[in-house]
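Trainee: I would like a close look at a single part of this protein. Please pick one helix and take me through it step by step.

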Amino acid sequence: MPKGSHSIGKDLRKIVLLFFGVLLFSCGEKVVEEPENLIPKEKMTLILHDLAVLNATKSSFKHVLDNNDIKIMEFLYRKHQIDSVQFSQSDLYYASIPLEYQEIYEKVEAILEKKKNAIKEKEQKKTDSIRKSREKKNDSLKKSNKDKKKSPNT
């Protein structure tokens, strides 16, 4: 092996190690500084949950929001007693920490799933109740028809 190629291998190894060192160091570095008025994670979760629900409402019932002059973000700011700057800064901060942001969104998803299951359960109970009521009505009609057949004509 020529003498110069050994030196290139060492240089390449140093460059690779330097690259990984810088990469490791930058992962520990904060990309966005924590804002003074950071919205706590629990509250941010509730805000993002409400935002998801309102956006779903907007896609299905836009006319209701328009007729009542409801602006989604203004509604959220009032409900949660925050302003647009606080929300934007907090959202940007959490987005700069992917694991925390993912945790927040997983909690939002869990709340939405829980509510969806509760709605499904209510619908199932309603369907079961209607079915039982119809069965009871049909049974009483059958009994009434049997009783008519048994009684002699007068």
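Mentor: Start with a definition: a residue counts as buried when its relative accessible area is under 20%, and as exposed when that value is over 50%. By that rule, 16% of the 154 residues of the protein are buried. Keep in mind that this is a predicted model.

Now get your bearings. The protein has five helices and zero strands. From the N terminus on, its elements therefore read α-α-α-α-α, using runs numbered from that end. Take the contacts between residues at least 6 apart in sequence: 72% of them join residues at least 24 apart.

Our part is helix α2. The helix covers residues 41-67. Check its length. A straight helix of 27 residues would span 39 Å at 1.5 Å a residue. Between its end C-alpha atoms, α2 spans only 33 Å. Now look along the helix for a bend. At Phe 61, α2 bends by about 105 degrees.

Next, ask which residues of α2 are buried. They are Met 44, Thr 45, Ile 47, Leu 48, His 49, Asp 50, Leu 51, Leu 54 and Leu 65. Let us stop at two of them.

Take Thr 45. Its relative accessible area is 6%, so Thr 45 is buried. What does Thr 45 touch, not counting residues up to four places away in sequence? The partners are Ile 104, Lys 107, Val 108 and Ile 111.

Now Met 44. Leave aside its neighbours within four places in sequence. Met 44 is then in contact with Ile 39, Phe 87, Ser 90, Asp 91, Tyr 94 and Ile 104. Ile 104 is also on the list for Thr 45.

Met 44 leads us to the core. In soluble globular proteins, nonpolar side chains tend to be buried together. Here, the largest nonpolar core has 18 residues. The members that touch the most other members are Met 44, Leu 48, Leu 51, Ile 72, Ile 82, Phe 87 and Tyr 94. Which elements give two or more residues to this core? They are α2, α3 (72-80), α4 (84-95) and α5 (98-150). The most comes from α2, with six residues.

Two partners of Met 44, Phe 87 and Tyr 94, also take us to aromatic rings. The whole structure holds three aromatic pairs. In one of them, Tyr 77 and Phe 87 have ring centres 6.4 Å apart and planes at 55 degrees, so the pair is tilted. This pair links distant parts of the chain: Tyr 77 sits in helix α3 and Phe 87 in helix α4, ten residues apart. Both residues, Tyr 77 and Phe 87, are buried. Another pair, Tyr 93 with Tyr 94, is edge-to-face. Their centres are 5.6 Å apart, with 65 degrees between the planes. Tyr 93 and Tyr 94 are both buried.

Finally, follow the chain out of α2. Asp 69 comes after the helix, and its phi is positive, near 50 degrees. Asp 69 lies in the loop between α2 and α3. Is Asp 69 buried or exposed? Its relative accessibility is 57%, so Asp 69 counts as exposed. The side chain of Asp 69 also makes a polar contact of 2.9 Å with the side chain of Lys 71.

Put the views side by side. Helix α2 bends at Phe 61. Its six residues are the most that any element gives to the core. Beyond its end, exposed Asp 69 stands in the loop before α3.

Definitions and conventions
Residues are numbered from 1 along each chain as its sequence is written. This is a predicted model: local features need pLDDT of at least 70, side-chain atom pairs count only at pLDDT 80 or more; totals for chains, interfaces and linings use all residues. Side-chain values use heavy atoms; hydrogens and water are left out. Helices (H or I, at least four residues) and strands (E, at least two) are DSSP runs, numbered from the N terminus. Buried means under 20% relative accessible area, exposed over 50%, partly exposed in between (1.4 Å probe, protein chains only). Contact means heavy atoms within 4.5 Å. The expected span of a helix is 1.5 Å times one less than its number of residues. The bend at a residue is the angle between axes fitted to the seven residues ending there and the seven starting there. A nonpolar core is a set of buried Ala, Val, Leu, Ile, Met, Phe, Trp, Tyr and Cys residues joined through side-chain atoms within 4.5 Å. Rings of Phe, Tyr and Trp (its six-membered ring) pair if their centres lie within 6.5 Å; planes under 30 degrees apart count as stacked, over 60 as edge-to-face and the rest as tilted. A polar contact is a pair of N or O atoms within 3.5 Å; within protein, one must be able to donate a hydrogen and the other to accept it, and residues adjacent in sequence count only if both atoms are side-chain atoms.
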